[in-house]
There are 2 protein chains.
Amino acid sequence: MTSLTIAEAAERTGLTAHTLRYYERDGLLLHSVDRAPSGHRRYTDEDLRWIQMVTRLRATGMPIRDVRRYAALVREGDGNEVERLGLLLAHREVVERQLAEVTGHLRAIDYKIALYEGKVEQSA
Amino acid sequence: MTSLTIAEAAERTGLTAHTLRYYERDGLLLHSVDRAPSGHRRYTDEDLRWIQMVTRLRATGMPIRDVRRYAALVREGDGNEVERLGLLLAHREVVERQLAEVTGHLRAIDYKIALYEGKVEQSA
DNA sequence: CCTTGACTTCGAGCGCACTGCAAGGAGTGA
DNA sequence: TCACTCCTTGCAGTGCGCTCGAAGTCAAGG
């Protein structure tokens, strides 16, 4: 169980040190990060795994406040799996709808691109 | 060539009247929208078609300022098709990268969901 | 004539998710 | 010992994309 400074954790998660502190303050992590005697944060592998889940949720567009709710459920411990599942299922629906919408728009944009490619080729 | 009030245009485009005015003010439209003698805006079919293109670009995550650049190119008229094409191609790349990333994260979330479904089923 | 309601402009305000800054403490290499 | 760098907290600021509110105009219906 290695223990990383905030800079190292930032590098490994792709977040900034600022954002890591912000997530902790905002209740997105499961608990306060451990401290070295100096008061500096020390991140465990477990911390990093959770933060990766958080970044997955964030990267798929889940709002901070929903991530916080999910973290709160996990923090509570066993017994609320149905609620956690519901939250994730609802999120998946949103993401899938979004993917479909974006894909549709992208197809229309591709059509436009094809038109321009035709024009540009002709004038070349 | 029908001519619509801002409320009707809002309904047809899915934007709010507020947003339609904002887009016009911000240079996302090709020209100022026509006015009735009363000063009220009147949207043409052509306006609506362009606004649909704008919403496609926005819905796929193109920043307002890039939409504005694209609108400026179209406004300039023939001769800059290569530039327009470049802008759209660059945007397509961004969108496709994003789709891939989101899809990947979604798969990981699905895995988590499957775990919870197993747990919930077992306790049922 | 009077009210209602949709429209106008302008500028301010908001929600989100960071991001930056100031002031100070702590650990490390020369 | 000194300089340097990384870390700490707290709070303010930023950028984006709207969104709202105030105050006024105008056309139509009762």
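## A backbone contact with DNA strand D

Which phosphate oxygen distance belongs to a backbone N or O atom of B:Ile64 beside DNA strand D? In this predicted model, the two atoms lie 3.4 Å apart. Let's take this contact as a way into the surface around strand D, then turn to strand C and to a pair of helices in chain A.

## The surface near DNA strand D

DNA strand D is surrounded by 16 residues, and the closest are A:Arg41, B:His18, B:Tyr23, B:Arg58 and B:Arg65. Of the atoms of strand D that come within 4 Å of the protein, 77% belong to sugar and phosphate. Two side chains add polar contacts to the backbone one described above. A:Arg21 places a polar side-chain atom 3.0 Å from a phosphate oxygen of DNA strand D, while B:His18 has a polar side-chain atom 3.3 Å from a base nitrogen of that strand.

Both chains take part here: the elements giving two or more residues to this surface are α1 (6-13) of chain A, together with α2 (17-25) and α4 (64-76) of chain B. With four residues, α2(B) supplies the largest share. Sorted by class, the surface near DNA strand D holds six nonpolar, five polar and five charged residues.

## The surface near DNA strand C

Around DNA strand C there are 17 residues, with A:His18, A:Tyr23, A:Arg65, B:Arg35 and B:Arg41 as the closest. Sugar and phosphate make up 77% of the atoms of DNA strand C that come within 4 Å of the protein. If you want to look at individual contacts, A:His18 is a good place to begin: one of its polar side-chain atoms lies 2.5 Å from a base nitrogen of DNA strand C. Phosphate oxygens of the strand are approached by a polar side-chain atom of A:Arg58, at 3.1 Å, and by a polar backbone atom of A:Ile64, at 3.3 Å.

The elements that contribute two or more residues to the surface near DNA strand C are α2 (17-25) and α4 of chain A, along with α1 (6-13) of chain B. The largest share, four residues, comes from α2(A). By class, this surface has six nonpolar, six polar and five charged residues.

## Helices α3 and α4 of chain A

Two packed helices are described by the angle between their axes and the distance between the axes. For helix α3 (residues 45-59) and helix α4 (residues 64-76) of chain A, the axes come within 10 Å and cross at roughly 145 degrees. The crossing of α3(A) past α4(A) is right-handed.

On the α3(A) side, the contact is made by A:Trp50, A:Met53, A:Val54, A:Leu57 and A:Arg58, which meet A:Ile64, A:Val67, A:Tyr70, A:Ala71 and A:Val74 in α4(A). Nine of the residues in this contact are nonpolar, none is polar and one is charged. Two of the residues named here have already appeared beside DNA strand C: A:Arg58 through its side chain and A:Ile64 through its backbone.

## What the record adds

An unreviewed UniProt entry lists residues 3-73 of chain A as "domain: HTH merR-type". In the model, that span is 59% helix and 6% strand, and its end C-alpha atoms lie 26 Å apart.

Notes
Residues are numbered from 1 along each chain as its sequence is written. Chains are lettered from A and ligands numbered from 1 in the order in which they are written. This is a predicted model: local features need pLDDT of at least 70, side-chain atom pairs count only at pLDDT 80 or more; totals for chains, interfaces and linings use all residues. Side-chain values use heavy atoms; hydrogens and water are left out. Axes are lines fitted to C-alpha atoms, for helices over the stretch in contact, and angles run from 0 to 180 degrees between N-to-C directions. A crossing is left-handed if the near helix is turned anticlockwise from the far one by less than a right angle, and right-handed if clockwise. Contact means heavy atoms within 4.5 Å. Ala, Val, Leu, Ile, Met, Phe, Trp, Tyr, Cys and Pro count as nonpolar, Asp, Glu, Lys and Arg as charged, and the others, Gly among them, as polar. A residue is near a molecule or strand if one of its heavy atoms lies within 4 Å of it. A polar contact is a pair of N or O atoms within 3.5 Å; within protein, one must be able to donate a hydrogen and the other to accept it, and residues adjacent in sequence count only if both atoms are side-chain atoms. UniProt positions are given in the numbering used here, feature names are shortened, and annotations may be inferred rather than shown by experiment.
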